[in-house]
Amino acid sequence: MYIYHITTRSRWENLKPNGVYTPEAYLNDGFIHCSTVSQVRQVANKFYCGQPGLIILEIDAEPLGKSVVFENLEGGSELFPHIYAPLPTEAAHQVYDLILESDLSFIFPKLFA
């Protein structure tokens with residue numbers, strides 16, 4: 001099963017050589033926010049609207065084991081995957097560019113149609 005995480009290309013490229021990735025919010029949150037394939041558009045448009053230089057990491061959740069928890073921490077019913085550990089960079093199976101249009105909307109790869 002794959003889960004998805006949105007980050008900046010620069011953050012990913014800076015941390016990738018270390019073999020471990022964490023987003024900036026990891027120290028405060030204690031986990032890495034992720035989405036299912038059907039949640040990516042909603043998350044991108046809600047939290048990243050107008051931000052350039054973004055990528056979507058396709059993460060193989062299986063080797064991460066029990067560190068992946070599906071939950072809703074905001075009181076809703078929709079469950080989102082969270083990774084309660086730093087992400088080994090080799091778990092990122094694929095990296096997709098999230099292209100920003102001139103009107104500040106995103107062009108999503110076909111996988112997220």
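**Exercise 1. Find the surroundings of L98.**
Task: In this predicted model, state which residues L98 touches, not counting residues up to four places away in sequence.

Solution.
- Step 1. List the contacts. L98 touches I6, A44, L54, I55, I56, F106, I107 and F108, leaving out residues up to four places away in sequence.
- Step 2. Place the residue. L98 belongs to strand β8.
- Step 3. Judge its burial. The relative accessible area of L98 is 4%. Buried means under 20%, so L98 is buried.
- Step 4. Look at one contact again. L54 is among the residues that L98 touches, and L54 also stands opposite L98 in β8.
- Step 5. Add a distant point. P63 is 35 residues from L98 along the chain, and their C-alpha atoms are separated by 25 Å.

**Exercise 2. Build the sheet around β8.**
Task: Work out in what order the four strands of the open sheet that includes β8 are arranged.

Solution.
- Step 1. Start with one neighbour. Strand β4 (residues 54-60) pairs with strand β8 (residues 92-100) over six bridges, in the antiparallel sense.
- Step 2. Check the register. Besides L54 opposite L98, L57 has V95 in β8 as its bridge partner.
- Step 3. Take the other neighbour. Strand β9 (residues 106-107) runs antiparallel to β8, and two bridges join them. Here L100 stands opposite F106 in β9.
- Step 4. Look at the connection. β8 and β9 form a hairpin with five residues between them. L104 lies in the turn and has a positive phi of about 70°.
- Step 5. Write the order. The open sheet reads β1-β4-β8-β9, with antiparallel pairing. Its edge strands, β1 and β9, each pair on one side only.
- Background. Strands of a sheet pair through backbone hydrogen bonds, either parallel or antiparallel.

**Exercise 3. Assemble the three-stranded sheet.**
Task: Give the strand order of the open sheet of three strands, and say which strands stand at its edges.

Solution.
- Step 1. State the order. The strands are arranged β3-β6-β5, and the pairing is antiparallel.
- Step 2. Name the edges. β3 (32-33) and β5 (68-71) each have a single partner strand, so one side of each is left without a neighbour in the sheet.
- Step 3. Inspect one pairing. Two bridges link β3 and strand β6 (residues 80-83) in the antiparallel sense. One of the residue pairs is I32 with its bridge partner I83 in β6.
- Step 4. Follow the chain past β3. T36 sits in the loop between β3 and α3. Its relative accessible area is 18%, so T36 counts as buried.
- Step 5. List what T36 meets. Apart from neighbours within four places in sequence, T36 is in contact with Y4, F70 and P81.

**Exercise 4. Orient helix α3.**
Task: Determine which residues of α3 are buried and which strands they pack against.

Solution.
- Step 1. Pick out the buried residues. In α3 (residues 40-47) these are V40, V43 and A44.
- Step 2. View down the helix axis. The buried residues fall within an arc of 100°, so they line one face of α3.
- Step 3. Find the partners. The buried residues of α3 pack against β1 (2-8), β4, β6, β8 and β9.
- Step 4. Tie this to Exercise 1. A44 is one of the residues that L98 touches.

**Exercise 5. Check the cysteines.**
Task: Decide how many disulfides the structure holds, and whether C34 and C49 are buried or exposed.

Solution.
- Step 1. Recall the bond. A disulfide is a covalent bond between the sulfur atoms of two cysteines.
- Step 2. Count. The structure holds zero disulfides.
- Step 3. Compare accessibility with the cut-offs. C34 has a relative accessible area of 4% and is buried. C49 has 55% and counts as exposed.

**Exercise 6. Describe the whole chain.**
Task: Summarise the fold order and the overall dimensions of the protein chain.

Solution.
- Step 1. Count the elements. The protein chain has three helices and nine strands.
- Step 2. Read them from the N terminus. The order is β-α-β-α-β-α-β-β-β-β-β-β.
- Step 3. Test for compactness. A compact globule of 113 residues would have a radius of gyration near 13 Å; the protein chain has 13 Å, so the two agree.
- Step 4. Add the extents. The C-alpha trace spans about 40 × 35 × 25 Å along its principal axes.
- Step 5. Consider burial and surface. Of the 113 residues, 41% are buried. The chain exposes about 6,600 Å², and carbon and sulfur atoms supply 53% of that area.
- Step 6. Look at contact range. Among contacts with a separation of 6 or more, 74% join residues 24 or more positions apart.

Definitions and conventions
Residues numbered from 1 in each chain as written. Predicted model: local features only at pLDDT ≥ 70, side-chain atom pairs only at ≥ 80, totals over all residues. Heavy atoms only, no water. Pairing = 2+ DSSP bridges. Buried < 20%, exposed > 50% of the residue type's maximum accessible area, 1.4 Å probe, protein only. Arc of directions from axis to C-beta. Contact = heavy atoms within 4.5 Å. Rg over C-alpha atoms; globule rule 2.2 N^0.38 Å. Areas by Shrake-Rupley, 256 points an atom, 1.4 Å probe, with all protein chains shown as cover. Disulfide = S-S within 2.5 Å.
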